[in-house]
Amino acid sequence: MISTCRKWVELFCCLIVCLGAGGVGALLTNPEIDGWYRELAKPSWNPPNSVFAPVWTLLFILMGIALWRVRQSPFCPGVKYAQISFGIQLVLNVAWSGIFFAVHQPFWAFIEILFLWMAILVTLVLFCRVSRFAGFILVPYLAWVTFATFLNFSIWQLNLS
């Protein structure tokens, strides 16, 4: 009973960490949506603003579940490095919001998102070594950040001045 309860508490904590990171990103992003971001030139394939919050919420939930699954194998080789890589990509995720939205730097955000993309890929590979399921559920995250990378690049290019 205690170990089952502990697993659920750990899942809850992993979800809180990931959703908390998403919340920090939202705090950096939301004040700029109706002002600075609205005025930027964007490609025709830019999704409506209403798409971003639900997609990111789902992705942060998947990240939390993936982290939890990896943490369920504490004696598996590579767990420590997988968790460190996860932490790095989570910090880079929040940092992107700050660079792009809070300080209005699409070029530097593009450079940063390239590092984020690589960190997600490394994390995905390391998670797969511990739990194929954990790695698999990070695939939508990598796909979305791939899309976001192209979007960031396009916005930067369209707003060169």
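Which residues line the second largest pocket? In this predicted model, the lining is formed by Ser-3, Arg-6, Lys-7, Glu-10, Arg-71, Gln-72, Pro-74, Val-79 and Gln-83. Two helices, α1 and α3, each give two or more residues to this lining. The leading contributor is α1, which supplies four residues. Sorted by class, the lining of the second largest pocket holds four charged, three polar and two nonpolar residues. The volume of this pocket comes to about 190 Å³.

The largest pocket can be described in the same terms. Rolling a probe the size of a water molecule over the atoms shows where empty space is left. The largest pocket has about 630 Å³ of such space. It is lined by 30 residues, of which Thr-29, Phe-52, Trp-56, Ser-97 and Phe-101 are the closest to its centre. Five elements give two or more residues to this lining, namely α1 (2-39), α2 (49-71), α3, α4 (106-130) and α6 (139-158). Here too a leading contributor can be named: α1 gives the most to the lining of the largest pocket, with 10 residues. As for its chemical make-up, the lining of the largest pocket has 20 nonpolar and 10 polar residues, and no charged ones. For a reader following along in the structure, the two linings make a handy pair to set side by side: charged residues are absent from that of the largest pocket, whereas four are found in that of the second largest.

Attention now turns to how the helices pack. The axes of α2 and α3 come within 10 Å and cross at roughly 160 degrees. That angle is over 145 degrees, so α2 runs roughly antiparallel to α3. The crossing in which α2 passes α3 is left-handed. For α4 and α6, the packing angle is about 165 degrees, and the axes lie 9 Å apart. These two helices are therefore also described as roughly antiparallel to each other, and α4 passes α6 in a left-handed crossing.

The pairing of α3 with α6 gives another arrangement to look at. These helices pack at an angle of about 25 degrees, with their axes 14 Å apart. Because angles under 35 degrees count as roughly parallel, α3 and α6 are roughly parallel to each other. Their crossing is left-handed.

Two individual residues in and beside α3 round off the picture. The first to consider is Tyr-81, which lies in helix α3 (residues 79-102). With a relative accessible area of 55%, Tyr-81 is exposed, because the cut-off for that label is over 50%. A sense of scale comes from pairing Tyr-81 with Ala-41: these residues are 40 residues apart along the chain, and their C-alpha atoms are separated by 40 Å.

The other residue is His-104, found in the loop between α3 and α4. Most residues other than glycine have a negative phi. His-104, although not a glycine, has a positive phi of about 55 degrees. Its relative accessible area is 29%, a value between the limits of 20% and 50%, so His-104 counts as partly exposed.

Notes
Residues numbered from 1 in each chain as written. Predicted model: local features only at pLDDT ≥ 70, side-chain atom pairs only at ≥ 80, totals over all residues. Heavy atoms only, no water. Buried < 20%, exposed > 50% of the residue type's maximum accessible area, 1.4 Å probe, protein only. 1 Å grid on protein atoms, 1.4 Å probe; cavity = no way out; pocket = protein on both sides within 12 Å on 5 of 7 lines; lining within 4 Å. Points joined across faces, edges and corners; volume = space filled by probe spheres on them. Nonpolar A, V, L, I, M, F, W, Y, C, P; charged D, E, K, R; others polar. Axes fitted to C-alpha atoms, helices over the stretch in contact; angles between N-to-C directions. Parallel < 35°, antiparallel > 145°, perpendicular 65-115°, else oblique. Left-handed = near helix turned anticlockwise from the far one by under 90°.
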